[in-house]
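Reader: I would like a close look at a single part of this model, namely its pockets and the protein that surrounds them. Please take me through that part carefully, in one connected account.

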Amino acid sequence: MAQKKVKLTIDGQKVEAKPGDMILWAALDSDIFIPNLCAIKEKEHPQTGCRLCFVEIEGRDKPVTACSEPVAEGMVVTTDSERIDRIRHTAFELLMSNHNVDCANCSKNKSCALQDISAKLKFKLKSKRLPSIVRMLPIDDSHPLFTYDPNKCVLCGKCVWACEKMGAGELQFAFRGIDTVISTLGGVPLVDSECKGCLDCVSVCPVGALVPHKT
Ligand code: FES
């Protein structure tokens, strides 16, 4: 028997979603934009790392992350308010403060999720409010198929998930706090890792951190 759909309202629009679906997917499936970087539909436990997907729910005091909040019958969701804009803007500025903004020389130029969010929400890629703290970490160009530039990584974890899913598990989060980085097991260069060259990590990377070599 087909599952009964959950009916809710997002930004005044009536939306239907599968029970258990997160607000983020219900909104995106209905062409309602909510910025997001770290959400993975198939992943059971959302990472909620990027903090970009906050929305407000009628009757709740605090905004919630749309990627981790399931839909509920009759729920009324707002994706755009002054409070939401403030939270998202701060999250975006923090993210960009350690991102090497070099769009003109980036092979993801014009297909980068950061550019998309910046254009849709009218947030500047370079913040004047926060100092730039790009770490200038070494770029790993050792692999025959792709390059990894940690200075462009937004720590969304999609590559870690993709690598795990295909059974290699070579990419991992390493260190903590401001030092967090995506790294191979043991921090070895990609060419010396157990990478099978499937390029799944490259295809899920929303920014210019993992890019195929130019042919
Ligand atoms: S998409 Fe929800 S916190 Fe990143």
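Author: A pocket is here an open set of grid points, on a 1 Å grid over the protein atoms alone, with protein on both sides within 12 Å along at least five of seven lines. The structure is a predicted model, and everything that follows is computed from it.

With that definition, the second largest pocket has a volume of about 310 Å³. Of the 19 residues that line this pocket, Pro138, Tyr148, Ile182, Ser183 and Gly187 are the closest to its centre. Two elements, β7 (171-174) and β8, each give two or more residues to the lining of the second largest pocket, and it is β8 that gives the most, with 4 residues. Sorted by class, the lining of the second largest pocket holds 13 nonpolar, 3 polar and 3 charged residues.

The largest pocket, for its part, has a volume of about 460 Å³. Its lining is made up of 27 residues, and those that lie nearest the centre are Leu94, Leu95, Asn98, Val154 and Leu155. The elements that give two or more residues to this lining are α2 (82-97) and β8 (181-184), and the largest share, 4 residues, comes from α2. In terms of class, 18 residues of the lining of the largest pocket are nonpolar, 7 are polar and 2 are charged.

The domains also bear on the largest pocket, since the assignment for the chain gives domain 1 (6-80) and domain 2 (93-212), and the lining of the largest pocket draws at least three residues from each of domain 1 and domain 2. The C-alpha centres of domain 1 and domain 2 lie 25 Å apart, and the contact between the two takes 11 residues from domain 1 and 15 residues from domain 2. Domain 1 and domain 2 bury about 1,000 Å² between them, with 77% of that area on carbon and sulfur atoms. On the side of domain 1, the residues that lose the most area to domain 2 are Phe33, Leu37 and Ile40, which together make up 55% of what that side buries.

As for charged pairs, the count of salt bridges between domain 1 and domain 2 is 0, although a search of the whole structure finds 5 salt bridges. One of the pairs that form a salt bridge is Asp29 with Lys41, whose closest N and O atoms are 3.5 Å apart. Because Asp29 lies in helix α1 (residues 23-29) and Lys41 in the loop between α1 and β3 (54-57), this pair ties together parts that are 12 residues apart in sequence.

Conventions
Residues numbered from 1 in each chain as written. Predicted model: local features only at pLDDT ≥ 70, side-chain atom pairs only at ≥ 80, totals over all residues. Heavy atoms only, no water. 1 Å grid on protein atoms, 1.4 Å probe; cavity = no way out; pocket = protein on both sides within 12 Å on 5 of 7 lines; lining within 4 Å. Points joined across faces, edges and corners; volume = space filled by probe spheres on them. Nonpolar A, V, L, I, M, F, W, Y, C, P; charged D, E, K, R; others polar. Domains from an automatic or database assignment. Contact = heavy atoms within 4.5 Å. Buried area = accessible area lost by both parts, 1.4 Å probe. Salt bridge = Lys/Arg side-chain N within 4 Å of Asp/Glu carboxyl O.
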